[in-house]
Amino acid sequence: MNKMVTIPQDEYDRLREAAEELVDLRAYDRAKARLDAGEDELVPAEYADRILDGENPLRVWRDLRGWTQQGLAQASGVNRVQIADIESGRKRGSVETIARLARALRVGMEDLVRG
């Protein structure tokens, strides 16, 4: 048989709010742990805004990492002209090309592809 407890509404509301805050705190702790472990990174707002404003994500991530197109080409093994074509929107790049660029930039492939 289930036991029942009756409490005042204001106490119930307070307990419910505390439970919601605990969920938020645990999410924060998980996010902080991922940052501390190097599994995630903070992206400065100016770079995130550039992507949100429609700039090519490959260019933005390359800039964030402080690389030239030639530097990224050397790190990824992708031809510099291909990188320029992808950044300008002239070409999309194959899955293999995007994967190589993502590995070099230390991001997920989805971070380099516009929705």
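This section describes helix H5, its packing against helix H4, and the salt bridges of a predicted model.

The UniProt record, an unreviewed entry, carries the annotation "domain: HTH cro/C1-type" for residues 58-112. Over this stretch the chain is 65% helix and 0% strand, and the C-alpha atoms at its two ends lie 5 Å apart.

Helix H5 spans residues 80-88, and its buried residues are Ile83, Ala84, Asp85, Ile86 and Glu87. The cover over these buried residues includes helix H3 (57-65), helix H4 (69-76) and helix H6 (95-105). Both ends of H5 show local features. At the start of the helix, a side-chain oxygen of asparagine 79 comes to within 2.6 Å of the backbone nitrogen of valine 81. After the helix comes glycine 89, which has a positive phi, near 90 degrees.

The packing of H4 on H5 was examined next. The two helices meet at an angle of about 120 degrees, and their axes are 8 Å apart. Their crossing is right-handed. On the H4 side the contact is made by Gln69, Gln70, Leu72, Ala73 and Ser76, which meet Arg80, Ile83, Ala84 and Glu87 of H5. Glutamine 69, a residue of H4, has a relative accessible area of 18% and therefore counts as buried, the cut-off being under 20%. Leaving aside residues up to four places away in sequence, glutamine 69 touches Arg62, Arg80, Ile83, Ala84 and Glu87. With glutamate 87, the contact includes a polar one between the two side chains, at 2.8 Å.

Glutamate 87 is also part of a network of salt bridges, in which it is linked with Arg50, Glu55, Arg59, Arg62 and Asp63. Glutamate 87 is thus listed among the buried residues of H5, takes part in the side-chain contact with glutamine 69, and belongs to the salt-bridge network. Arg62, another member of that network, is likewise among the residues touched by glutamine 69.

In total, the structure holds 13 salt bridges. Two of them lie in helix H1 (residues 9-36). In one, glutamate 11 pairs with arginine 14, the closest N and O atoms being 2.8 Å apart. The partners are 3 residues apart in H1 and so are separated by about one helical turn. In general, an α-helix has 3.6 residues a turn, so residues three or four places apart point the same way. Glutamate 11 counts as partly exposed because its relative accessibility is 29%, and arginine 14 is also partly exposed, at 46%. In the other, lysine 32 pairs with aspartate 36, with 3.2 Å between the closest N and O atoms. These residues are 4 apart in H1, about one turn of the helix. Lysine 32 is partly exposed, with a relative accessibility of 36%, whereas aspartate 36, at 58%, is exposed.

A further salt bridge joins glutamate 96 to arginine 103, where the closest N and O atoms are 3.8 Å apart. Glutamate 96 has a relative accessible area of 46% and is partly exposed. Arginine 103, at 55% relative accessibility, counts as exposed.

Terms used:
Residues numbered from 1 in each chain as written. Predicted model: local features only at pLDDT ≥ 70, side-chain atom pairs only at ≥ 80, totals over all residues. Heavy atoms only, no water. Buried < 20%, exposed > 50% of the residue type's maximum accessible area, 1.4 Å probe, protein only. Contact = heavy atoms within 4.5 Å. Polar contact = N/O pair within 3.5 Å; in protein donor to acceptor, adjacent residues only side chain to side chain. UniProt positions renumbered as here; feature names shortened; annotations may be inferred. Salt bridge = Lys/Arg side-chain N within 4 Å of Asp/Glu carboxyl O. Axes fitted to C-alpha atoms, helices over the stretch in contact; angles between N-to-C directions. Left-handed = near helix turned anticlockwise from the far one by under 90°.
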